[in-house]
Amino acid sequence: MSDSDSESMPPQPKEEDEFTIYSTQWCGPCKTLKKFMKDNNLEYVAFDLGGADHTGDVIDEFKPITNNNEKILMVFHKGKFIGNASKSMKYIKDNVLEKTD
């Protein structure tokens, strides 16, 4: 897993990455999701959206691929938007973890 910290616009999610997470260091649900991912040994690429001004720019830029999402945490599975904290955890439990048991 990797974390990228940059003030530039982060890249779009890639299909070849199992999971891609766009978050901030100060976001509680973001921390919860990352802990959930680590606890379940799930690989992900993470991008820190940085400060509040930059975060809004990224959210606006990503609206076309996130169904007009307006929340900080954005989670993608193989390039497809799966939701924010609770929706993405449910998706992972239902579609990823059950298949590996």
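A disulfide is a pair of cysteine sulfur atoms within 2.5 Å. Keep that rule in mind as you look at the model above, which is a predicted one. Here a disulfide joins C27 to C30, with 2.3 Å from S to S, and the count for the structure comes to one disulfide. In general, a disulfide is a covalent bond between the sulfur atoms of two cysteines. The torsion about the S-S bond of C27 and C30 is about 80°, so this disulfide is right-handed. Are its two cysteines buried or exposed? C27 has a relative accessible area of 8% and is buried. C30 is buried too, with a value of 0%.

Now let's step back and look at the whole chain. You can find three helices and five strands in it. If you read along the sequence, they come in the pattern β-β-α-β-α-β-β-α. Of the 101 residues, 45% count as buried. The accessible surface of the chain comes to about 5900 Å², and carbon and sulfur atoms account for 47% of that surface. Among contacts with a separation of 6 or more, 62% are between residues 24 or more positions apart.

Next, let's go inside. The largest nonpolar core has 29 residues, and those that touch the most other members are F19, I21, L33, M37, M74 and I92. Where do the core residues come from? At least two residues each are supplied by β2 (19-23), α1 (28-39), β3 (45-48), α2, β4, β5 (80-83) and α3. The element that gives the most is α3, with five residues.

M37 is a good residue to zoom in on. Not counting residues up to four places away in sequence, M37 touches F19, I21, L42, E43, Y44 and I92. Another methionine to find is M89, which sits in helix α3 (residues 85-100). M89 has a relative accessible area of 16%; buried means under 20%, so M89 counts as buried. Leaving aside its neighbours within four places in sequence, M89 is in contact with T32, L33 and F36. Take the pair M89 and L33: they are 56 residues apart along the chain, and their C-alpha atoms are separated by 7.1 Å.

Loops can hold buried residues as well, and N69 is one to look at. N69 is found in the loop between α2 (52-62) and β4 (74-77), and its relative accessibility of 7% puts it among the buried residues. Which residues does N69 contact, once neighbours within four places in sequence are left aside? They are I59, K63, M74, F81 and N84.

From that loop, follow the chain into β4 and on to β5. These two strands run antiparallel and are joined by three bridges. One of the bridge pairs is H77 with K80, the partner in β5. Together β4 and β5 form a hairpin with two residues between them, and K78 in the turn has a positive phi of about 50°.

K78 also leads us to the charged side chains. The count of salt bridges comes to five. In one of them, E18 pairs with K78, and the closest N and O atoms are 3.9 Å apart. E18 lies in the loop between β1 (2-5) and β2, while K78 lies in the loop between β4 and β5, so this pair ties together parts that are 60 residues apart in sequence. Both partners are partly exposed: E18 has a relative accessibility of 32%, and K78 has a value of 43%.

Other salt bridges sit within a single helix. The side chains of D39 and K35 meet at 2.7 Å, N to O. Both residues belong to helix α1 and are four residues apart, about one turn of the helix. K90 and D94 form a salt bridge as well, at 2.5 Å from N to O. They are also four residues apart, about one turn, in helix α3. K90 counts as exposed at 52% relative accessibility, whereas D94, at 33%, counts as partly exposed. Finally, D60, K63 and E70 are joined into one network by salt bridges that share partners. You have already met K63, one of the contacts of the buried N69.

Notes. Residues are numbered from 1 along each chain as its sequence is written. This is a predicted model: local features need pLDDT of at least 70, side-chain atom pairs count only at pLDDT 80 or more; totals for chains, interfaces and linings use all residues. Side-chain values use heavy atoms; hydrogens and water are left out. Buried means under 20% relative accessible area, exposed over 50%, partly exposed in between (1.4 Å probe, protein chains only). Contact means heavy atoms within 4.5 Å. A nonpolar core is a set of buried Ala, Val, Leu, Ile, Met, Phe, Trp, Tyr and Cys residues joined through side-chain atoms within 4.5 Å. Two strands pair if DSSP finds at least two bridges between them. A salt bridge is a side-chain nitrogen of Lys or Arg within 4 Å of a carboxyl oxygen of Asp or Glu. Accessible areas come from the Shrake-Rupley method with a 1.4 Å probe; for residues, only the protein chains shown count as cover.
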